[in-house]
Amino acid sequence: NNMDPITAQVGLQAFSLLSGAGAEARQNRAQIRFNNIALSGLQEQLRLLPELTQAQEEMAQDRMNTAMDTMGMGYGIQWEQMNQSMDSVLDTNKFSNYGQIMSTYDRMEGRMQDKLQMQMKNLVDTRDNAIAMAQAQEVQETARIDNQIKLLKKQNQEARKRDSFFETLF
């Protein structure tokens with residue numbers, strides 16, 4: 001049962017092509033399974049992004065509130081000290097320089113209030129910036145994940161086309 005060399009070579013090539021096709025089909029199916037696992041992970045990340053952003057926004061608000069509380073306590077102590085020193089100055093001067101003392105007090109109080117307003121505005125700006133950054137990060141991350149999802153779906157589409165092509169060889 002001797003085959004001529006040409007027939008044997010053609011048979012070997014056909015066998016090699018078919019076994020290669022089987023391996024290619026298995027590889028395509030494995031790629032699709034792997035991509036589907038990655039897709040479900042990415043979809044979970046997308047689902048959690050708004051919660052993460054909200055947590056960052058709440059943290060920025062809490063940091064601002066804590067800083068304002070601390071600052072308010074500090075200013076409360078300063079105002080108390082300023083009032084006590086004014087009382088003692090007024091007591092020792094027996095109203096002789098009342099107008100000048102009150103004018104100095106008003107200027108000091110005005111400067112403290114201006115400083116407090118500026119620091120509060122800075123805290124609000126810092127909070128607003130942190131919130132804006134968290135929101136921008138969410139938009140960027142959403143776009144990145146969406147692109148990865150599209151890429152994986154496209155790879156699955158291509159793998160399914162190749163898979164069906166190699167299946168038709170059998």
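What share of the contacts in the chain with a separation of 6 or more is accounted for by residues 24 or more positions apart? In this predicted model, such residues account for 90% of those contacts.

**Overall layout**

The chain has two helices and zero strands. Helix α1 covers residues 5-93, and helix α2 covers residues 98-168. Of the 170 residues of the chain, 19% count as buried. The accessible surface comes to about 12300 Å², and carbon and sulfur atoms hold 58% of it.

**Nonpolar cores**

The largest nonpolar core has twelve residues: Met64, Met71, Tyr75, Trp79, Met82, Met86, Leu90, Ile101, Tyr105, Met112, Leu116 and Leu123. Helices α1 and α2 each supply at least two residues of this core. Its largest share, seven residues, comes from α1. Within the core, Leu116 touches Met71, Tyr75 and Trp79, when residues up to four places away in sequence are not counted. Apart from this core lies another, of six residues, including Leu39, Leu42, Ile145 and Leu152.

Leu123, another member of the twelve-residue core, is found in helix α2. Leaving aside neighbours within four places in sequence, Leu123 is in contact with Met64, Ala67, Met68 and Met71. The C-alpha atoms of Leu123 and Ala67 are separated by 7.6 Å, although the two residues are 56 residues apart along the chain.

**The aromatic pair**

The structure holds one aromatic pair. The rings of Tyr75 and Trp79 have their centres 5.9 Å apart. Why is the pair described as tilted? Their planes stand at 50°, and angles from 30 to 60 degrees fall in the tilted class because stacked is under 30 and edge-to-face is over 60. Tyr75 and Trp79 both lie in helix α1, four residues apart, about one turn of the helix. Both residues are buried.

**Two polar positions in helix α1**

Asn35 lies in helix α1 and is buried, with a relative accessible area of 0%. Beyond its neighbours within four places in sequence, Asn35 is in contact with Leu152, Gln155 and Asn156. Of these, Leu152 is also one of the residues of the six-residue core.

Gln56 is found in helix α1 too. Is Gln56 buried or partly exposed? It counts as partly exposed, at 27% relative accessibility. With neighbours within four places in sequence left aside, Gln56 is in contact with Ala134 and Gln137. The C-alpha atoms of Gln56 and Ala130 are separated by 7.9 Å, with their positions 74 residues apart along the chain.

**Salt bridges**

Side chains of opposite charge can pair when their charged atoms come close. A search of the whole structure finds seven salt bridges. Three of them are listed here, with the distance between the closest N and O atoms.

| Acidic residue | Basic residue | Closest N and O atoms |
|---|---|---|
| Glu44 | Arg47 | 2.7 Å |
| Asp125 | Lys121 | 2.7 Å |
| Asp128 | Arg127 | 2.8 Å |

Glu44 and Arg47 both lie in helix α1, three residues apart, about one turn of the helix. Glu44 counts as partly exposed at 35% relative accessibility, and Arg47 counts as partly exposed at 48%. Asp125 and Lys121 both lie in helix α2, four residues apart, again about one turn of the helix. Asp125 is partly exposed, with a relative accessible area of 29%.

In the remaining pair of the table, Asp128 is partly exposed, with a relative accessible area of 35%, whereas Arg127 is buried, with a relative accessible area of 17%. Salt bridges that share partners also join Glu44, Arg47 and Glu51 into one network.

Key:
Residues are numbered from 1 along each chain as its sequence is written. This is a predicted model: local features need pLDDT of at least 70, side-chain atom pairs count only at pLDDT 80 or more; totals for chains, interfaces and linings use all residues. Side-chain values use heavy atoms; hydrogens and water are left out. Buried means under 20% relative accessible area, exposed over 50%, partly exposed in between (1.4 Å probe, protein chains only). Contact means heavy atoms within 4.5 Å. A nonpolar core is a set of buried Ala, Val, Leu, Ile, Met, Phe, Trp, Tyr and Cys residues joined through side-chain atoms within 4.5 Å. Rings of Phe, Tyr and Trp (its six-membered ring) pair if their centres lie within 6.5 Å; planes under 30 degrees apart count as stacked, over 60 as edge-to-face and the rest as tilted. Accessible areas come from the Shrake-Rupley method with a 1.4 Å probe; for residues, only the protein chains shown count as cover. A salt bridge is a side-chain nitrogen of Lys or Arg within 4 Å of a carboxyl oxygen of Asp or Glu.
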